[in-house]
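User: I've got a model open and would like to talk it through with you. Can we go over it piece by piece?

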Amino acid sequence: MKRQNARTLALIVSILTYLVVGAAVFETLESKQEKSHKRRLDARKYELMRKLNLTKENFEELEYVVLQLKPHKAGVQWKFAGSFYFAITVITTIGYGHAAPSTDSGKVFCMFYALLGIPLTLVMFQSLGERINTFVRYLLHQTKKCLGMRRTEVSMANMVTVGFFSCLSTLCIGAILFSQSEGWSFLHAFYYCFITLTTIGFGDYVALQKDDALQNDPRYVAFCFVYILMGLTVIGAFLNLVVLRFLTMNMEDERRDAKQKALVTINKPRAEVARLLPLSTTTTPVAETKSKELKGVYTEVLHFQTICSCLWYRSKEKLQSSSSMIPELAISDPYLQTDSHYDEPGTTGCVCSPRQCTNISSITTGFLSPFRVFKRRSSV
Amino acid sequence: MRTHNIRTVCLIVSMVFYLLIGAAVFAALESERESSRKKAVEQKLKEMKEKFGFTDSDFTQIETVALRSEPHRAGRQWKFAGAFYFAITVITTIGYGHTAPCTDAGKAFCMFYAILGIPLTLVMFQSVGERINTCVRFVFSRVKHRLGLQKTDVSMCNMVLVGLLSCACTLCIGAAAFSHFEGWSFFNAYYYCFITLTTIGFGDFVALQEKDALQKRYPYVLFCFTYILVGLTVIGAFLNLIVLRFLAISIEEDVSSENQSSEPKDTRDGPESEAQTQNLQCKEDTLKLLCSCLCCDADYYSPAHFDPDEMGGHCNPVFYNSISYRVDQLHIVPSTPQEKVIHLTLR
């Protein structure tokens, strides 16, 4: 099975499994509590009904009114500050739902607004995140130099550590500040920050809903907006560092496959090779078979090189075997005079593990010494 | 590097403007309705207070009970079906909030669950989306072939069109289904599908909350879950087609600029014969080919034209290939027979 298909299937199965496991755990944690909570509330409800002499219908009417009043109690939601807050929750896809458009035109505009806004926001956060990663890499590099360390390259592990700690500190800072301003416990404030910055946005905890903060406390309002946007940037930078490469895996594999296929079927290399062979200017049967073999070698080389990305290492073996097919050229390097045997594609094997790849940092062979290897910028 | 910075600044500025404009329009559309509604509800409340004769403190108690009973009204939310629904809203980041964990343990588990689940889901949707796009491309080119069209290449326009149509279809099908099952108007059901599939998830409209559906109507429950996951896949495929390249654009330009800056080193020294220059050029091209971040063929399903220029690897920033390579150093020594070997075998 093609690699991409196998990968996709594996991902689907793992997500479904993850959902089932998550559901089971949530059920265990919450179901009992839900039952007892409901019982208590019902008891309270009946108590109130008796005390205030209300029928069931009356109480339900009151409940309905209470629910209608809920968003209004939190303050005016649709003045400019509130609308800005709402716009943020739309384009970042947080979507608390503390306020949602009630007019039809509001809903329509919301949909069009999201249509353009969400991709724009995605691209913006990734762009900014990438800039931040580059800057952090530079800082780390300079720090390493200053500390007089031997190897001043910034590895992926360094970057991931820095990214992780910056995410954690962003969450903690937010938790402290929101627990103070909103009167939540630290855990609840941390939970709020987490749910917000992962853009889940349940809406069970929402900032700026107490004491009409949206209208009365512009500094706190500004802080909240800045915190949300900056926090999303930090998370975005971390995602850019860690997750983005995985999003493009299938596409890369597909391109590699297509390239290989194209290489096998096109005629050009044959002609090129025939042209460049020093002794033959016209295609002779001998040159043709030779060029066919060369093309075979060529595709083999590329096959290896494209599958396993740290491949110069492997391809030199191919080049050795191919060199014996070109007796016309004077080959002085003894390295090339080793007996060739045409290897089957699988034998030298591509067992390139990411660790192996990053360890291969230079190739020093007789005739390949001019070339340095292509360092992987970051290992997967 | 400068283009990156300029681009990033432009994006930030445009986002801020977009927010300001959005805020202004939303305020204009909703503010009046809000104030009139508020007045109406407060009036109603006053009437009820007089009718039933309860005090403000009584009302506060009623309010507390009513607000806390809200999630229970829709039925048991934390049995397996409800918990599965909740788990979906977490890892897809929809996050309706129709229920949220009450216990601290539930909240903590929710956070850990999200940390692993969200990236896994992102990768899964993009992976499946890419497979779908590939499949559609294949089918499309076959169709073009059958129809006897001259050019059977599937252009970007074709793909975008198909993507748009499939997204619109998904939304409409969902709208029709939910308006039937939930009793919403078609418009509200469409709005619900849109808000769900863009993962915004306000929670003003939530499926499976009427008549204890989570416990009683299993086929409908299954349909809802399937719809959400399949719908997100379709949207993900469309995003994979259009947006993903822009998310990776900075990385690509980094690599291409590195390649370009490494070129001038090559042809420095002394008098070289034309053949040697040619060899050097070809060798350079070969090396660039080996650096797999190179190929800029927009449509890799047509036979690639591997002439030297194209192999020369000027990275079109919009189309990218690999994002994990960089040519660190490039030393090219005047040609020797060995290099001729390389030249011949690799071309």
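User: How far apart are the end C-alpha atoms of residues 167-243 of chain A?

Analyst: This is a predicted model, where local features need pLDDT of at least 70, side-chain atom pairs count only at pLDDT 80 or more, and totals for chains, interfaces and linings use all residues. Residues are numbered from 1 along each chain as written, chains are lettered from A and ligands numbered from 1 in written order, and side-chain values use heavy atoms, leaving out hydrogens and water. The stretch 167-243 of chain A is 74% helix and 0% strand (DSSP runs: helices are H or I, at least four residues; strands are E, at least two; numbered from the N terminus). Its end C-alpha atoms are apart by 15 Å.

User: Which domain does UniProt list there?

Analyst: The unreviewed UniProt entry gives residues 76-132 and 167-243 of chain A one domain name; positions follow the numbering used here, feature names are shortened, and annotations may be inferred rather than shown by experiment. Residues 76-132 come out as 72% helix and 0% strand, with end C-alpha atoms 37 Å apart. The name in the entry is "Potassium channel".

User: What is the helix content of residues 157-178 of chain A?

Analyst: UniProt's unreviewed entry places a "transmembrane region" feature on this span, and on others including 108-128. For 108-128 of chain A, the ends lie 30 Å apart and the span is 100% helix. For 157-178 the ends lie 31 Å apart, and the helix content is 100%.

User: How many of the 12 residues of α3(B) are buried?

Analyst: Helix α3 of chain B covers residues 80-91, and its end C-alpha atoms are 16 Å apart, which agrees with the 16 Å expected at 1.5 Å times one less than its number of residues. Buried means under 20% relative accessible area, exposed over 50%, partly exposed in between (1.4 Å probe, protein chains only). Among what covers the buried residues are α1 (3-52) of chain A and α4 (104-146) of chain B. B:F84 and B:Y85 are among the buried residues, and the count is 11.

User: Which cysteine sulfur is nearest to that of A:C224?

Analyst: The whole structure has zero disulfides (pairs of cysteine sulfur atoms within 2.5 Å). A:C224 is in no disulfide, and the nearest cysteine sulfur is 9.4 Å away, in A:C193.

User: Is A:C224 buried or exposed?

Analyst: For another cysteine, take B:C10, which is partly exposed at a relative accessible area of 49%. A:C224 has a relative accessible area of 1%, so A:C224 is buried.

Technical notes. Contact means heavy atoms within 4.5 Å.
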